[in-house]
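Colleague: Could you take a close look at one part of this model for me, the sheet and the nonpolar core that shares a strand with it? Walk me through it in one go.

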Amino acid sequence: RSSMVNIFLKETINSYLLHHQNKNNYLYPSKILKYINERFNSEDFPAELFIAIIIGVIDLENFKVSLSNAGFQIFPIITQKNGSISSLPCKGMPITGINDKFGYKECNYHLKPGNILHIHTDGLIEQTNDKKNMYGQEKLLQILNQKAGLSPKEILSIVYHDLFEFKGDMPIQDDLTSLLIKRENS
């Protein structure tokens, strides 16, 4: 089923981009999510299926990040090169067959030189070890604070090394997906 939903999602986003590219202001994440939601509800998916997704657009002229959230539990995080951390509290309901009229809002942030945008799926912080302890967001934020000056690749390597040490022999319980985008110092 997940591959069916992934194909649907890819084709729906491609369809939106193809059919809306000549319209003004078509690259709004909230409009893309609304379109996905409408298409999802026009299909005959089983009631228990849903999509959790964050859609984002970055304006490379002014480094404005626009995000819209459909069901991601971990809000996007911004780290500054000095280690300070802020969250983009961007909420939104997942795309489901019971919710065809839900509107999605957009959250905006201007990346400053040295900022890193972090987006992680909940599989990271919800991973447990053999004592049933969760990895947790505090552990993640501690690493992000301490390693803020490193490259995204180095940070991810440290985070996932720490996670795998933490979980020990426990199997991976959910998807682990991370996206880090850094605005270089200018």
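Modeller: Sure, let's start with one residue pair: I58 sits opposite V65 of β3. Keep in mind that this is a predicted model. The strands behind that pair are β2 and β3, the latter covering residues 64-70, and they run antiparallel with seven bridges between them. Zooming out, the sheet is open and has three strands, ordered β2-β3-β7, with antiparallel pairing. That leaves β2 and β7 (107-110) as the edge strands, each pairing on one side only. From one strand to the next, the twist averages 20°.

Now for the core. The largest nonpolar core has 17 residues, and the members touching the most others are L33, I36, F40, I51, I53 and I95. Edge strand β2 (53-59) turns up again here: along with α1 (2-20) and α2 (29-42), it is one of the elements giving two or more residues to this core. The largest share is from α2, which supplies five residues.

If you want one residue to click on, try I51. Skipping its neighbours within four places in sequence, I51 is in contact with V5, F8, L9, F40, A70, P94 and I95. Two of those partners, F40 and I95, are also on the list of core members that touch the most others.

One last thing while you have the viewer open: there's a second core, separate from this one, with 15 residues, including L124, Y135, L163 and L180.

Key
Residues numbered from 1 in each chain as written. Predicted model: local features only at pLDDT ≥ 70, side-chain atom pairs only at ≥ 80, totals over all residues. Heavy atoms only, no water. Core = buried A, V, L, I, M, F, W, Y, C linked by side-chain atoms within 4.5 Å. Buried < 20%, exposed > 50% of the residue type's maximum accessible area, 1.4 Å probe, protein only. Helix = DSSP H or I, 4+ residues; strand = E, 2+ residues; numbered from the N terminus. Contact = heavy atoms within 4.5 Å. Pairing = 2+ DSSP bridges. Axes fitted to C-alpha atoms, helices over the stretch in contact; angles between N-to-C directions.
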